[in-house]
Amino acid sequence: MEETKFTRRSFLKGAGALGAAAALGGSLAYKPVEAFAEAADVASNTGEKEAIFGYCHMCMSNGNCSYVGTVKDGVVVNLEGDPRRKSSKGMMCPRGKSAILQLYNPHRITAPMKRTNPEKGMEVDPGWVEISWDEALDLAAEKIKEAVDEDPRKLVNMFGFASYESGHATMGLGLWPGALGSPNTSSTKGQMCAIHYGGCYAFSCFPTICYDGKYNNYLVILGRGMGYDNASANSDALQFAENLKRGARYVVVGPRCTMEASRGEWVPSKPGSDLSLVYAWMHCMLYEIENGFDEPFVRSRTNAPYLIDENGDYVLGADGKPLMWDEADGTAKAFDDPALAKPALFGEHEVNGKKYPTAFTLFKESLKDFTPEWAEEYSTVPAAKIREIANNLVKEACFGRTIVIEGNEMPLRPAAVVIGRGDTNQEDGTLCDLFSRVLNMLLGNPGYPGGVIGNSYAEYKVNEGNGTIEPYMEAATVAEGQLHWPPNCLDYSDCAFPHRHSTNTLMLRSMADPEYYGFDYKPSVLVSTGANPIITTAQPEAGIAACKAMDFVIYHGCYHYDEMAMMSDLLLPEHSVLEDNGVYFFPGNEGCANFDDEEVLPTLKSILVRKGVAPLYNTMESNDILIEIFDRMGRIKDWNETINAHGAIGYTALKDVPPSAPNPPQWVDWGNEEWKLEPEKKYTIREIWDRNIKSQYGDDKGIEYLEQEHLLEYNPLRGANVYPSFRSDQKVRFQVYLESQHRDGRRVVDFLRSIKNDHGFDIEERIKFPIDEIERRYTALPYWPEKVRALDSEPAEFDLYGFNYRQPLHLFRQGNADQDPVRRDYSDRYIPDFNSILLNTQVCEERGIQLGDEIIVESPYGKTHGKALPTDIVRPDCVGVGGTRGRCTSWMGKELVDDTSYNKIMNSDFGYCDPIDGAVIDVVRVKIYKA
């Protein structure tokens, strides 16, 4: 076979062909499926025909695309995009179409199963025996009740992406264990993509921050994909393409030239260095560029003018309110004083005989040494390029410019910086997360046209005592009594990591050895809700050990004989996606916040529905499994009361997170409370959903009505109301100076020191992070954490940086992509980086590595292997491993075990994560050699 040389141009050309092929396949969706089914010479043209429909969950834009399907003689023979779905323009990508193969997956669990072999292992036959649903549900209820009656903390629930199907968001995202009194719930996927803390802190937004695609002209992208490798058929990708057509400019900073970068500009940076760039850009804006920040916005819409005392706290007046210095008359006034005319941004000002600096004075001083030359030394991005980007951000932000939308005038700031897990999943992830948000504040763009907007379009939650935005949910200020020792929560969320999105990997360790981690109880029953904690994070052996330590493991909402099944005692299988008759709340896009197509925006907060084929096997709907278990435990009242308190559709678990989430909500509230559940009555999940919909839309608009419409808009936003800074009270101030975090850190750090000093427990040994450094990390001001960067202190033999990136056909582990024979075959034939290792051509030449050579990538923590792919789209000091694959058991095929797996070379222990949000560092030092 003739050797092919992959240059940057040829590789990108091939990737572009893939995108074109995906678009061509999706274009069939413009024809209704009925027309497609009647076309000549297609398999669906025989037998009795029926239709199914639903929403797709094959990427992180869960629910953005909808489908309609053709069924012939009971067999699903075709899926197409639903032409009525505006957000995807009736298209589907190959991932969505692959749901047919998921339905007919030969490795499906077809009935409830009970283990007969007590030995557990990845290649050990569990000795499954099929049992009835009555026996299975009785056994599950018995084991859960036994644990809860003894101590609710002994019940552990883990959930993953599949929990969107398994128990839905209704009670499946950790809410149902809380109804039984257990605090031990954990997201198995969250530690690998902790993207929420900064949005929750700075903008009252969960789950993430987007950009305004309709008006943004200059976007700097750090650590994320925006189109091709995010969700290739939905409105995110479509809007990205439209923006390119109208001339928007994109700058992608990172170790790999992405598809987006090939359409814009690629700035190669060292992995894990983006914080230095954020600091340098802000340095330029404050020290080098004339009028380099939006001064009116910073003065009137941030806490920059607040006076700060020697402890880093606000200077308070006699009424307990923070003070500012009014330059108009030279006096100190409360932040909300109606007479306040011109708050001072700079200088020190005397209050009661003592001088205090403004927050902005301290902020600017903290950035003094973070010059472009300093950032170049660490990031390797030339200082000139750093300055160029900073100047472009300022220029394109158009300070002072306004726009009129529906008769409403507001600022237009069409320049922004957005980040993703490539930044947040670093040792300094929360710092980069927060200060990238602050950079947008300097640009004056939060919540305005062209700027950054939360994908839930949330209102800003206001701290009435000081006038600033109050962090909520994951960033919420730690409440009195929230921290405990000994801890109750197996993931240390009530002692060391109250702001974690997920510290699932630590939970796995504490489950295996609770005494070592300071717990005064031993967990006994694990219920995995559509989750696989063994392979969805780093170091699978930690998950295996945790499962072995449990007395009983229940796999709820399971689907196939995967690693989690191999470690379980009881399997409770769910329907396939195409067998589902579920309801789902779509909370909005994770990429682009606003769209040129006016028909798209109102549908981005919607209730969606599925109507599938009759189940092939003896499986159940996952919510109904939980309802049956609650009923058999005699706890149906607890289930109903939880539903009545939270609603039954959407991210209802968020509603119980103090302080209450800002509106618009991400769940469907009870409108007419007469539809709430009778406490002692047992309902099916379909009846519950029906009642919740009718409570909002009227007695005649329940599930059957939704099935006719396919989509019901929920609290839609249009025009000027898309922009939360327009809708919100204009007096609310963003936090340039991170006062809430500084204040919060004192409580956390004091508690950690008390564990060590008062209880004699070496908490630093467990979390593998110095308390002094955690104190610094809870900072109000920019600083550089140079003394504890594990990435910079590995042995010299690990001379390259390994990083992971998304692959469109193998995005995360959703939809069993690694088993799909069509996707695997297509990837083998046409996707050059499938099961391959991206290496720079220069490195390959120096080390004698040829295209297709089998090579080993080894870190200090593990190994993986793959085919060498020489290319110029990665930096010479980097190794790229795409996609999320790699199995630990061969029960679903040996080829899956042989897949290239990035997770196997990461370290999931603490000391290798961000100490605030718990994000696992996704860049590791590696060495390479031929197999």
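A polar contact is a pair of N or O atoms within 3.5 Å; within protein, one must be able to donate a hydrogen and the other to accept it, and residues adjacent in sequence count only if both atoms are side-chain atoms. One such contact, at 3.2 Å, links the side chains of Glu80 and Lys97. This is a predicted model, where local features need pLDDT of at least 70, side-chain atom pairs count only at pLDDT 80 or more, and totals for chains, interfaces and linings use all residues. Numbering runs from 1 along each chain as its sequence is written, and side-chain values use heavy atoms, with hydrogens and water left out.

**Confidence**
- The average pLDDT (the predictor's confidence in each residue, from 0 to 100) is 89, and 92% of the residues score at least 70.
- Over residues 1-46, though, the pLDDT is below 50.
- Where pLDDT is low, don't read the predicted coordinates in detail.

**Strand 3**
- Strands are DSSP runs (E, at least two residues), numbered from the N terminus, and helices are H or I runs of at least four.
- Val75 sits in strand 3, which covers residues 75-81, and so does Glu80.
- Buried means under 20% relative accessible area, exposed over 50%, partly exposed in between (1.4 Å probe, protein chains only).
- Glu80 counts as buried because its relative accessibility is 1%, while Val75, at 38%, is partly exposed.

**Helix 18**
- Helix 18 (residues 504-512) has 8 of its 9 residues buried, so the rest of the structure largely encloses it.
- Among those buried are Asn504, Leu506, Arg509 and Met511.
- Their cover includes strand 6 (155-159), strand 20 (525-529) and helix 19 (540-549).

Technical notes:
Contact means heavy atoms within 4.5 Å.
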